[in-house]
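Biologist: I'm new to this one. Could you pick a single part and walk me through it closely?

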Amino acid sequence: MIDSVLDIVDMRVSRGREGDAYEVILGALKLDSGEVAAIVGPSGCGKSTLLEAIGLLLEPKSVSRHCLGAFDLTHDLQCSADTREKRWARLRQHKLGFVPQSGGLLPFLNVKQNIELSRSLVGLKGKDDLLEHVIDRLRLGKLLERMPSELSIGERQRVSFVRGIAHRPSLILADEPTAALDPILARELFSLIVEIAREFRIGALIVTHEWSLVSDVGIRKIVGTVSAQRRTIFDECN
Ligand SMILES: Nc1ncnc2c1ncn2[C@@H]1O[C@H](COP(=O)(O)OP(=O)(O)OP(=O)(O)O)[C@@H](O)[C@H]1O
């Protein structure tokens, strides 16, 4: 059975100061479990802004439909800020796997503890096939006892990806997860995302500048076109 993990219609996100705000518009995006799509576009066009709004880290200005799996968030903007934040915090923790551009690892925990933290927060413990597979494929097995400060930037980026999926989210949101990786590892990570999405029925949205790699692995593209001053429209590119 195919389930939709994300269904958004006409989301508008504004960033920056009034009078100097940057606007991002997403016409429509539907993602099924097992599907991967890439968000591409020129630097500064609003890819991270869009990902943060989809990841419930940034409030959109308006949205006509916003469903995250079975959760309908369309009317959440009309709730009190307190109610909305409680609901969104729970969804972020359980349903979303956010892999930030900056890595975001906790510096006082080692690699293993960083990965285990996101699992323990949702009550998961013990062995996990998905996790072992991903650690192995990304060649992180020997680094589990290291502190983040003892890792290269590329190693940190791979650990950050593993941490983002460790709690088995239904939607992975990764912001330039290959930015610090060499071409071989970048390809490996993209292939891995496609593979685990299919096998474990997870949806994935990846912000990236790797246009040719995205084409090579055959995933959908959501392209940002800068239409007028400080405004970007994101749409599917066929
Ligand atoms: N916190 C912020 N406050 C105000 N403006 C911001 C903020 N963050 C980003 N912007 C502006 O919003 C626009 C979109 O930024 P965003 O980071 O989403 O772009 P991007 O496409 O992800 O860029 P890149 O590919 O360079 O990472 C940019 O013009 C940026 O200057």
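Modeller: Let's take a close look at one helix, α6. First, some ground rules: residues are numbered from 1 along each chain as its sequence is written. This is a predicted model, so to speak of local features we need pLDDT of at least 70, side-chain atom pairs count only at pLDDT 80 or more, and totals for chains, interfaces and linings use all residues.

The chain has seven helices and 10 strands; these are DSSP runs numbered from the N terminus, with helices being H or I of at least four residues and strands being E of at least two. Helix α6 covers residues 183-200. At 1.5 Å a residue, its 18 residues should span 26 Å, and the end C-alpha atoms are 25 Å apart, which agrees (the expected span is 1.5 Å times one less than the number of residues).

Now for its two sides. Leu189, Phe190, Ile193, Ile196 and Ala197 are buried in α6. They cover an arc of only 135° around the axis, so they sit on the same side of α6 (the arc is that of the directions from the helix axis to the C-beta atoms). On the other side of α6, Pro183, Ile184 and Glu199 are exposed. Buried means 20 or more other C-beta atoms within 10 Å of a residue's own, exposed means 12 or fewer, and partly exposed is in between, with C-beta atoms placed from the backbone.

What do the buried residues of α6 pack against? Their partners are β3 (36-40), α4 (129-137), α5 (153-165), β8 (203-207) and α7 (211-216), where contact means C-beta atoms, placed from the backbone, within 7 Å. After α6 comes arginine 201, with a positive phi near 55°.

Notes:
Two residues are in contact if their C-beta atoms, placed from the backbone, lie within 7 Å.
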